[in-house]
Amino acid sequence: MYTNYMCKMCPLNMASFLLFLGIAIFQKSFADVSSDGVIMPSKCEVCKYLVVELQSRLDETGKNKEVIRTGHGIDPAKKKQVDYRKSDLRLIEAIHEPHVCKRILEYNLHKERKGSLRFAKGRSQTMDTLHGLVDKGVKVELGIPYELWDSTSVEVAHMQRLCDTIVEQYDEDLEDWYYNHQDEDLMKYLCKDRVLPKDDQECLVEEFVPGLEEDEEKKEEETEKKPKKKNKKKSKKNMKGEEGTADDENVEAKVKKEEL
């Protein structure tokens with residue numbers, strides 16, 4: 001019976017089933033929160049930083065005005081001249097040499113930041129503080145060896161793997177943009193219009209503003225302190241009120257004694 005079922009699915013139905021299974025696994029890989037409290041990257045975050053790194057690599061070679069000659073033979077008429085900025089070579093170098101998703105491994109997790117901004121290059125403020133303490137001779141225990149403090153996090157490693165998957169699945173769209181739509185914004189063309197559902201695009205507009213987070217922290221501290229000051233004032237008023245009632249009682253007692 002199992003054999004008959006498999007035969008019914010072959011060959012087209014089986015291929016469709018495997019394709020469906022692959023898509024399901026791909027979507028499932030964008031997990032939200034693990035049992036250890038690790039927040040895995042969303043599909044929006046992966047696509048966002050893929051575009052950031054690909055666009056950065058293209059910008060590095062975009063100023064090259066070199067003209068590439070293609071074709072074989074001595075006859076110049078059989079050779080074509082191609083602008084390097086629109087050549088196959090530039091696209092191949094940008095995506096595959098080395099693979100653009102390897103740049104994701106240069107990111108670190110900045111847990112003090114919110115949303116997609118938690119992924120950024122360089123050390124986080126927390127790790128800078130911890131390294132500073134160690135440099136001063138303070139013993140810091142994180143549960144992992146010191147030499148592994150700056151190793152790639154689970155979240156970043158996962159984002160790099162999912163980046164590879166997106167490049168593989170949307171390679172034709174990337175080629176179409178490169179050859180025909182370079183004047184359009186790649187973030188919108190790929191992530192917003194093709195890769196992401198409409199309900200998972202918020203991270204695309206998140207931008208890091210230096211000093212903004214510190215200002216927000218100061219505001220939060222100030223709002224926490226203000227109620228305490230008010231409570232102190234209230235408590236002083238209450239103390240005065242209690243003293244006032246006690247004085248009134250003493251006055252009344254004196255008056256009664258005089259009356260007697």
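# Links that hold distant parts together

The bond between C44 and C203 is a left-handed disulfide, with -100° about its S-S bond. C44 sits in helix α3 and C203 in the loop between α8 and α9 (212–259), so this link ties together parts that are 159 residues apart in sequence. Keep in mind as you look at it that this is a predicted model.

## The disulfides

How many disulfides does a search of the whole structure find? The search finds three. Here they are side by side, with the gap between sulfur atoms for each.

| Pair | S to S distance |
|---|---|
| C44 and C203 | 2.0 Å |
| C47 and C191 | 2.1 Å |
| C101 and C163 | 2.0 Å |

You have already met the link of C44 and C203. Both of its ends are tucked away from the surface: C44 counts as buried at 0% relative accessibility, and C203 counts as buried at 7%.

Now follow helix α3 to C47. The disulfide of C47 and C191 is left-handed, with -100° about the S-S bond. This pair links distant parts of the chain, with C47 in helix α3 and C191 in helix α8, 144 residues apart. C47 is buried at 0% relative accessibility, and C191 is buried with a relative accessible area of 0%.

The link of C101 and C163 has a torsion of about -75° about the S-S bond, so this disulfide is left-handed. Its partners come from distant parts of the chain: C101 is in the loop between α4 and β3, while C163 is in helix α6, 62 residues away. C101 is buried, with a relative accessible area of 0%, and C163 is buried at 0% as well.

A neat way to picture the whole arrangement is to number the bonded cysteines in sequence order. The pairing then reads 1-6, 2-5, 3-4.

## The salt bridges

Next, let us turn to charged side chains. The model has eight salt bridges, and a few of them are worth tracing on the structure.

Start with E45, which forms a salt bridge with R118; their closest N and O atoms are 3.2 Å apart. This pair links distant parts of the chain, since E45 belongs to helix α3 (residues 43–61) and R118 to the loop between β3 (107–109) and β4 (119–121), 73 residues apart. Are these two residues buried or exposed? Both E45 and R118 are buried.

Helix α3 also supplies E60, whose salt bridge with R103 brings the closest N and O atoms to 3.1 Å apart. R103 lies in the loop between α4 (88–96) and β3 and E60 in helix α3, so the pair ties together parts that are 43 residues apart in sequence. The two ends sit in contrasting surroundings: R103 is buried, with a relative accessible area of 15%, whereas E60 counts as exposed at 52% relative accessibility.

A further salt bridge joins E106 to K121, with 3.1 Å between the closest N and O atoms. E106 is in the loop between α4 and β3 and K121 is in strand β4, so to speak two distant parts of the chain, 15 residues apart. E106 is partly exposed, with a relative accessible area of 45%, and K121 is partly exposed at 41%. Salt bridges that share partners join E53, E60, R103, E106 and K121 into one network.

## A charged residue without a bridge

Which side chain of opposite charge is nearest to E155? That is R118, 5.0 Å away, and E155 is buried yet has no salt bridge. Salt bridges here must fall within 4 Å, so a gap of 5.0 Å does not count. E155 lies in helix α6 (residues 154–169). Beyond its neighbours up to four places away in sequence, E155 touches V38, I39, M40, P41, L109, R118 and F119.

## The nonpolar core

In soluble globular proteins, nonpolar side chains tend to be buried together. In this model, the largest nonpolar core has 36 residues, of which L50, L54 and L190 touch the most other members. The elements giving two or more residues to this core are α3, α4, β3, α6, α7 (171–180) and α8 (186–195). The largest share, eight residues, comes from α3.

To see how one core residue is surrounded, pick L54. Leaving aside neighbours within four places in sequence, L54 is in contact with A94, I95, V100, L174 and L186.

How values were computed: Residues are numbered from 1 along each chain as its sequence is written. This is a predicted model: local features need pLDDT of at least 70, side-chain atom pairs count only at pLDDT 80 or more; totals for chains, interfaces and linings use all residues. Side-chain values use heavy atoms; hydrogens and water are left out. Helices (H or I, at least four residues) and strands (E, at least two) are DSSP runs, numbered from the N terminus. Buried means under 20% relative accessible area, exposed over 50%, partly exposed in between (1.4 Å probe, protein chains only). Lys and Arg count as positive and Asp and Glu as negative; His and the chain ends are not counted. Contact means heavy atoms within 4.5 Å. A nonpolar core is a set of buried Ala, Val, Leu, Ile, Met, Phe, Trp, Tyr and Cys residues joined through side-chain atoms within 4.5 Å. A disulfide is a pair of cysteine sulfur atoms within 2.5 Å.
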